[in-house]
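Q: Could you take one part of this model and walk me through it closely? I'd like to see how the pieces fit together.

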Amino acid sequence: MIDTFATNGTQELLVQLNALLEQELQSQPKLSGLRIIESAHDNRFQMTARLRDFEVKDLLSLIQFFSFRTETFSLAVNLLDRFLSKMKVESKCLGCVGLSCFYLAVKVMEEESNIPLATDLIRISQYRFTVSDLMRMEGIILKKLHRKVKVTTAFQFLQLYCSILGESINCERKDNLKLDRLEAQLKACHCRLILSKAKPSVLALSIMALEAEEEKVPELVEIIQCLRIHSKINSSEFSFWKELVSKCLSEYSSSKCSKPNGQKLKWIVSGRTARQLKPSYYRIAHLPTIPETSP
C-alpha cells in the first residue's frame, strides 16, 4: 500500500483523497440514463450520444474562448450528464440545457469579475433563446439535481493524484507527468459520453497510467498501481477503462481529428455581435469577424 512509504505531506493528501472517494458515487450520472442515450437512434427529437458529444465540444470552445479553467469544464460536463441521465431532453432544447450547465459551473468555479453577462454568453454562443429562457432552465436543472452543483469531478482526482505523485517521487521524475497535458487529455475524454460512465477516480487514474506507461518510467507506474489499490479500483475494471481511454486519445491524436488543445478553439462572431460584447472580452481572444452588409 502507498501508506507504507508516504511522507507527512502525502498523508495529508491521502486524507483528501479518501474524502473525494467517499463522495464520488453521489456525483455520478445515472448509468441507466446514459445507456438510454447511448442506445438512442438519430432523429429530429431524441437525445443521442452524438448530439451530447457535439454539445460538450461547444462547451469546450466556450471554456477556451473565455480562458476558463479545466475544473470549470469538468464540472459543466458533470452537470450536463447528470441532468441528461435523469431527464428526457429533446434535441431542440439541448443548447439551452448545455449553456445553462456551463453558466452554473462558471458561477461556481470562476472569479466573479470573470463571469460573463448572460446576454453576452448567448450572443457568443449564437443561440436564439433569451436570458429568461436561460434563467428558467437553470432553475429546472438546480431542482432536478437537488441543488448539488459543486460536486466531485474527475479533474479534482487528476489534480490530487498528481500532487500525491509529486510528493512521492524524486524531483527528476516530477516532470514526466505534466498536469497541463493531462488536463488536455481529460478534456478529450469528457467529449465522449461513454467515458462519463466511468467513476471520476478511475477516469483520472487511467489517463495518468497511460501517460506513465508512454513515458516508460517504472517508478511512476508502480506508484499509480499503489494509488489504484488505495482507491479500491478493481484491476479488471481499471484495465477496461484504460483501454477505452487509450482508444479515445488515439482517435484525437490521429490525422482525422486534431489533438485536444492542439490549437486554441475560437468562436467566429459577426461584426454586429462583436460590437455588442464587453470590451474586456477582447483581451481573452482575438475574434475574426464575418463581414456583414445588412444593417
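A: **A close look at helix H7**

Let's go with helix H7, residues 131–144, in what is a predicted model. At 1.5 Å a residue, its 14 residues should span 20 Å, and the end C-alpha atoms are indeed 20 Å apart, so the expected and modelled lengths agree.

Now for the side chains. Leu 134, Met 137, Glu 138, Ile 141 and Leu 142 of H7 are buried, meaning under 20% relative accessible area. Look down the axis of H7 and these buried residues fall within an arc of 140 degrees, so they line one face of the helix. Flip to the other side of H7 and you find Arg 136 and Lys 143, which are exposed.

What does the buried face sit against? The buried residues of H7 pack against three helices: H4 (70–84), H5 (94–109) and H6 (118–125). Just past the end of H7, His 146 takes a positive phi of about 55 degrees.

One of those partners, H5, leads on to the wider interior. The largest nonpolar core has 89 residues, and those with the most contacts inside it are Leu 17, Phe 102, Tyr 161, Leu 203 and Met 208. H5 gives the most to this core, with 11 residues. The core draws at least three residues from each of domain 1 (14–23 + 154–253) and domain 2 (30–150).

For a feel of the packing, take Leu 203: leaving out residues up to four places away in sequence, it touches Ala 154, Leu 186, Cys 189, His 190, Leu 195, Ala 198 and Val 245. In soluble globular proteins, nonpolar side chains tend to be buried together.

Terms used
Residues numbered from 1 in each chain as written. Predicted model: local features only at pLDDT ≥ 70, side-chain atom pairs only at ≥ 80, totals over all residues. Heavy atoms only, no water. Helix = DSSP H or I, 4+ residues; strand = E, 2+ residues; numbered from the N terminus. Expected span 1.5 Å × (residues − 1). Buried < 20%, exposed > 50% of the residue type's maximum accessible area, 1.4 Å probe, protein only. Arc of directions from axis to C-beta. Contact = heavy atoms within 4.5 Å. Core = buried A, V, L, I, M, F, W, Y, C linked by side-chain atoms within 4.5 Å. Domains from an automatic or database assignment.
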